[in-house]
Amino acid sequence: MPFTVMVERHVKLFKNGRNQAVRIPREFELPGVDAIIRKDGERLIIEPIPPKSLLAILATLPTLDEEFSPIQDSPAEPVDL
């Protein structure tokens, strides 16, 4: 069974406008630009959001309302080996 070492560091809380914020030390930086935060009792858990797949991104695009001319499917040309 792998052994996990808990790393901790004292940080200061501060106000950023009407929000409370904490500066995340370099050794705790998360990848990407988005994260999910949730509360579990008195704990705050911050997790990076995995990057979306290309299919997930394409699914968010609006459908096209234009007519396209049909594409003629020509047989493949023979290849000399």
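The questions and answers below walk through a predicted model of one protein chain.

Because this is a predicted model, local features need pLDDT of at least 70 and side-chain atom pairs count only at pLDDT 80 or more, while totals for chains, interfaces and linings use all residues. Residues are numbered from 1 along each chain as its sequence is written, and side-chain values use heavy atoms, with hydrogens and water left out.

Me: Which pattern of helices and strands does the protein chain follow along the sequence?
Reply: Helices (H or I, at least four residues) and strands (E, at least two) are DSSP runs, numbered from the N terminus. The protein chain has 1 helix and 4 strands. Read along the sequence, these elements give the pattern β-β-β-β-α.

Me: What is the radius of gyration of the protein chain?
Reply: The radius of gyration is taken over C-alpha atoms, and the globule rule is 2.2 Å times the number of residues to the power 0.38. Along its principal axes, the C-alpha trace spans about 70 × 40 × 25 Å. Whereas a compact globule of 81 residues would have a radius near 12 Å, the value for the protein chain is 25 Å.

Me: What percentage of the residues in the protein chain is buried?
Reply: A residue is buried under 20% relative accessible area, exposed over 50%, and partly exposed in between, with a 1.4 Å probe and protein chains only. Among contacts (heavy atoms within 4.5 Å) between residues at least 6 apart in sequence, 0% join residues at least 24 apart. Of the 81 residues in the protein chain, the buried share is 2%.

Me: How many bridges join strand 1 to strand 2?
Reply: Two strands pair if DSSP finds at least two bridges between them. Strand 1 and strand 2 form a hairpin with 2 residues between them, and glycine 17 in the turn has a positive phi of about 70°. Within this pair, lysine 15 has glutamine 20 of strand 2 as its bridge partner. Strand 1 (residues 13–16) and strand 2 run antiparallel, and the number of bridges joining them is 4.

Me: Which residue in strand 4 stands opposite alanine 35?
Reply: Strand 3 (residues 35–40) pairs with strand 4 (residues 43–48) in the antiparallel sense over 6 bridges. These two strands form a hairpin with 2 residues between them, where glycine 41 in the turn has a positive phi of about 65°. Opposite alanine 35, in strand 4, stands proline 48.

Me: Which residues does arginine 23 touch, leaving out those up to four places away in sequence?
Reply: Arginine 23 lies in the loop between strand 2 and strand 3, and it counts as exposed because its relative accessibility is 62%. Its C-alpha atom is separated by 7.6 Å from that of leucine 13, 10 residues apart along the chain. Not counting residues up to four places away in sequence, arginine 23 touches Val11, Lys12 and Phe14.

Me: Is proline 31 buried or exposed?
Reply: Proline 31 has its place in the loop between strand 2 (19–22) and strand 3. From C-alpha to C-alpha, proline 31 and alanine 56 are 19 Å apart in space, and they are 25 residues apart in sequence. Because its relative accessibility is 56%, proline 31 counts as exposed.

Me: How far apart in space are aspartate 73 and alanine 56, C-alpha to C-alpha?
Reply: Aspartate 73 is in the segment after helix 1 (54–59), and its relative accessibility of 75% is why it counts as exposed. Aspartate 73 and alanine 56 are 17 residues apart in sequence, and their C-alpha to C-alpha separation in space is 29 Å.
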